[in-house]
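The following exercises are to be worked with the sequence and the structure at hand. Each task is followed by a stepwise solution.

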Amino acid sequence: MGIAGLGRLGQRHAQHLARHAPGAQLVSACSPVAEERTWARETLGVQTLHSDFQAFVQDPQLDAVVLVTPTTLHAEQTMAALAAGKHVFVEKPLSLDVETCERVEAVAARHPGLVAMVGFVRRFDPSYRQARADIEAGHVGRPFLVRSQTCDMHDPAGFFVRFAPTSGGLFMDCSVHDIDLARWMLGSPRALRVFASGTIALHPDLAEHGDVDNGMAIIEFEGGARAVLYASRTMPHGHETTTEVIGTQGVLSVGVGAHRDRVQTRDASGVHHRPVADFFERFHEAFRHELDAFVQACRGGPPTGLSLADATAATRIGQAMRRSLHSGQPETV
Ligand code: NAI
């Protein structure tokens with residue numbers, strides 16, 4: 001396997017592929033940054049290193065590639081990898097543009113023997129998997145409402161302000177996970193309409209990029225199901241990803257309280273527990289499981305359960321949310 005992109009998330013994926021993923025051998029890495037290539041060689045022993053993506057992806061020794069590059073490169077690199085005959089794992093979102101997602105789907109359709117998977121990591125989190133299994137087993141009756149949030153601990157340096165021009169904004173960067181979860185939990189109904197709003201609580205520089213640091217949205221699905229989403233970059237206490245699925249016979253929730261461990265202190269000032277710090281801490285197991293699932297699928301194992309059509313659907317909804325944020329009106333999906 002080869003990996004392109006060795007930044008914040010890419011280094012973690014590379015470490016897992018090089019050291020832990022059963023059945024995988026990480027033999028090549030690609031980054032335009034010399035220090036990142038040196039890191040891959042010295043830390044992981046990766047022998048083949050590229051600064052040029054085309055040279056990387058054409059390498060005949062590779063069966064599969066993992067793309068952890070900036071969002072704006074995902075679609076073109078995925079199509080190049082498929083055309084070169086490689087299985088592809090690409091980080092979310094596939095593209096900020098629905099038509100581009102559809103172009104990638106068309107290329108993938110011409111290569112039915114290749115696995116193409118987008119990193120909706122939460123589908124591989126043990127708690128979310130259990131929740132999905134419980135819903136399938138009928139424990140909440142018919143699910144009709146998902147309330148889901150992705151809330152990051154505030155980073156006063158505001159790295160996301162620097163990323164705002166390329167990340168697609170709060171909804172495409174963060175809520176895209178909740179959009180996918182809502183679809184998954186509700187059985188993938190078609191989204192009809194969204195209404196979104198948002199506010200800037202702490203980072204006025206986001207305004208010039210048309211972005212917000214706190215955003216909320218309602219999604220209306222065909223058949224009556226609804227989702228209510230919230231995303232924030234400004235939580236003071238930690239990372240809090242929470243999802244609630246409300247059904248006709250029960251309510252199920254994942255992640256409430258953002259507990260780091262099972263320790264709780266009760267004293268004169270109240271009841272306390274430590275919170276999860278960031279998404280790496282919350283989803284470290286899921287990041288490993290998703291890559292393991294990709295490797296197994298490439299080796300002829302079970303399909304990952306995620307299709308490129310899921311990525312297109314998430315982009316379609318996320319972009320309608322962004323339009324609604326700007327227009328102040330409900331938007332058709
Ligand atoms: P980053 O900016 O830290 O890393 C990007 C990497 O891509 C860098 O190593 C850079 O040198 C490399 N790169 C740039 N141009 C390249 C090219 N042409 N060919 C090969 N490599 C190139 O970004 P980060 O935070 O690691 O995010 C990467 C992607 O992962 C983003 O699309 C983001 O949306 C996604 N992501 C997904 C998460 C999840 O929960 N599934 C969490 C964090 C990020």
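A surface patch is built from residues with over 30% relative accessible area and no salt bridge, and nonpolar side chains are joined within 5 Å. The model examined here is predicted.

**Exercise 1. Surface patch**

Identify the residues that form a nonpolar patch on the surface, and classify Val228 by its accessibility.

Step 1. The patch consists of Phe195, Ile218 and Val228, which together have about 230 Å² of accessible area.
Step 2. Val228 is located in strand 10, which spans residues 226–235.
Step 3. The relative accessibility of Val228 is 35%, so this residue counts as partly exposed.

**Exercise 2. Ligand surroundings**

Determine which residues come nearest to the ligand, and what polar backbone atoms of Leu6 lie close to.

Step 1. There are 26 residues around the ligand, and those that come nearest are Leu6, Arg8, Glu36, Thr71 and His74.
Step 2. A polar backbone atom of Leu6 is 2.9 Å from an oxygen atom of the ligand.
Step 3. For Arg8, a polar backbone atom likewise has an oxygen atom of the ligand at 2.9 Å.
Step 4. In Lys92, a backbone N or O atom is 3.0 Å from a ligand oxygen atom.
Step 5. On its own the ligand has 850 Å² of accessible area, of which the protein covers 84%.

**Exercise 3. Surroundings of Gln15**

Locate Gln15 and list its contacts beyond four places in sequence.

Step 1. Gln15 belongs to helix 1 (residues 10–19).
Step 2. Its relative accessible area is 28%, and Gln15 is therefore partly exposed.
Step 3. With neighbours within four places set aside, Gln15 contacts His20, Trp39 and Leu44.
Step 4. Thr43 lies 28 residues from Gln15 along the chain, and their C-alpha atoms are 8.7 Å apart.

**Exercise 4. Salt bridges**

Compare the settings of the Asp125–Arg282 and Arg190–Glu222 salt bridges.

Step 1. Asp125 and Arg282 form a salt bridge through their side chains, with 2.9 Å from N to O.
Step 2. This pair links distant parts of the chain, 157 residues apart: Asp125 is in the loop between strand 6 and helix 6, and Arg282 is in helix 9.
Step 3. Both Asp125 and Arg282 are buried.
Step 4. In the bridge between Arg190 and Glu222, the closest N and O atoms are 3.3 Å apart.
Step 5. Those partners are 32 residues apart, with Arg190 in the loop between helix 8 and strand 8 and Glu222 in the loop between strand 9 and strand 10.
Step 6. Arg190 counts as exposed because its relative accessibility is 52%, whereas Glu222, at 42%, is partly exposed.

Methods: Residues numbered from 1 in each chain as written. Predicted model: local features only at pLDDT ≥ 70, side-chain atom pairs only at ≥ 80, totals over all residues. Heavy atoms only, no water. Patch = residues over 30% accessible without salt bridge, like charges linked within 9 Å, V, L, I, M, F, W, Y side chains within 5 Å. Areas by Shrake-Rupley, 256 points an atom, 1.4 Å probe, with all protein chains shown as cover. Salt bridge = Lys/Arg side-chain N within 4 Å of Asp/Glu carboxyl O. Helix = DSSP H or I, 4+ residues; strand = E, 2+ residues; numbered from the N terminus. Buried < 20%, exposed > 50% of the residue type's maximum accessible area, 1.4 Å probe, protein only. Near = heavy atom within 4 Å. Polar contact = N/O pair within 3.5 Å; in protein donor to acceptor, adjacent residues only side chain to side chain. Contact = heavy atoms within 4.5 Å.
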